[in-house]
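Hi everyone, thanks for coming. Please have the sequence and the model open in front of you, and we will walk through them together.

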Amino acid sequence: MRETVRLLEPTLVISQGVNLSKPLHSVFETIKEHSPNLAECRMGDQEFVWADLRHPTFNWDWLSRPHLQDVVGPTSREARRLALDPG
C-alpha cells in the first residue's frame, strides 16, 4: 500500500474490508478524523482523504440496506467533497 500511494499520489483512498482497517491505520497518519469511516490522512508527503468502508457483501448488497443508505452513501459523498475541495 505504501508503494501504491507513493506512485499514484491519490487524493482519495477507498478501502473495503473490515480486516483492512487496523493495518491501514498503522500505515496512514490521521490528520483529522471526520467520522469512524472517514479521515484526512498523510503518508510521507502525500495527503489524501481515506474512506474506510466494509466490503459490499457486508450489509450493502442491495440499495435498500440501511448500511448503504446510512454509512456508505454519506461517507462516499463527503469523501468526494473533501478530496475535490480540501480548503
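Before we start, one term: when I say that two residues touch, or are in contact, I mean that they have heavy atoms within 4.5 Å. Please also keep in mind that this is a predicted model.

Let's try that term out on Val-13. Leaving aside residues up to four places away in sequence, Val-13 touches Met-1, Phe-28, Phe-48, Val-49, Trp-50 and Ala-51. Some of those names will come back, so hold on to them.

Now the inside of the protein. In soluble globular proteins, nonpolar side chains tend to be buried together. Which residues make up the largest nonpolar core here? There are 10 in all: Val-5, Val-13, Leu-24, Val-27, Phe-28, Ala-39, Cys-41, Met-43, Phe-48 and Trp-50. Three elements give two or more residues to this core, namely helix α2, residues 21-27, strand β3, residues 38-43, and strand β4, residues 46-53. The largest share, three residues, comes from β3. Apart from this core lies another one, of six residues, and Leu-38, Val-49, Leu-82 and Ala-83 are among them.

Let's zoom in on the rings. The structure holds two aromatic pairs. One of them is Phe-28 with Phe-48, an edge-to-face pair with 4.9 Å centre to centre and 80° between the planes. This pair links distant parts of the chain: Phe-28 sits in the loop between α2 and β2, Phe-48 sits in strand β4, and the two are 20 residues apart. Are these two rings buried or exposed? Phe-28 has a relative accessible area of 4%, so it counts as buried, and Phe-48, also at 4%, is buried as well.

Phe-28 has another partner. With Trp-50 it forms an edge-to-face pair, 5.0 Å centre to centre and 85° between the planes. Because Phe-28 is in the loop between α2 and β2 while Trp-50 is in strand β4, this pair ties together parts that are 22 residues apart in sequence. Trp-50 is buried too, with a relative accessible area of 2%. Put together, Phe-28, Phe-48 and Trp-50 form one aromatic cluster.

Next, the charged residues. How many salt bridges does the structure hold? The count is four. Let me take you through some of them.

Start in helix α1. Glu-3 forms a salt bridge with Arg-6, and their closest N and O atoms are 2.5 Å apart. Both residues lie in α1, three residues apart, which is about one turn of the helix. Glu-3 is partly exposed, with a relative accessible area of 44%.

Helix α3, residues 66-84, has a pair with that kind of spacing: Glu-78 and Arg-81 are three residues apart, so about one helical turn separates them. They form a salt bridge with the closest N and O atoms 2.7 Å apart. Glu-78 is partly exposed at 27% relative accessibility, and Arg-81 is partly exposed at 43%.

Then there is Arg-42, which forms a salt bridge with Glu-47, the closest N and O atoms being 3.1 Å apart. Arg-42 has a relative accessible area of 26% and is partly exposed, and Glu-47, at 47%, is partly exposed too. Arg-42 and Glu-47 are also linked with Glu-29 in a network of salt bridges.

Two last stops. Find Ser-35 in strand β2, residues 29-35, and Thr-75 in helix α3. They are 40 residues apart along the chain, yet their C-alpha atoms are separated by 8.4 Å. Ser-35 is partly exposed, with a relative accessible area of 23%, whereas Thr-75 is buried at 8%. Not counting residues up to four places away in sequence, Thr-75 touches Asn-37, Leu-38, Ala-51 and Leu-53. Leu-38, you may recall, is one of the residues in the six-residue core.

Finally, have a look at Glu-9, in the loop between α1, residues 2-8, and β1, residues 12-16. Its phi is near 50°, a positive value in a residue other than glycine. Why does Glu-9 count as exposed? Its relative accessibility is 53%, and exposed means over 50%.

That's my tour. Thanks for listening!

Notes. Residues numbered from 1 in each chain as written. Predicted model: local features only at pLDDT ≥ 70, side-chain atom pairs only at ≥ 80, totals over all residues. Heavy atoms only, no water. Core = buried A, V, L, I, M, F, W, Y, C linked by side-chain atoms within 4.5 Å. Buried < 20%, exposed > 50% of the residue type's maximum accessible area, 1.4 Å probe, protein only. Helix = DSSP H or I, 4+ residues; strand = E, 2+ residues; numbered from the N terminus. Salt bridge = Lys/Arg side-chain N within 4 Å of Asp/Glu carboxyl O. Phe/Tyr/Trp six-rings, centres within 6.5 Å; stacked < 30°, edge-to-face > 60°.
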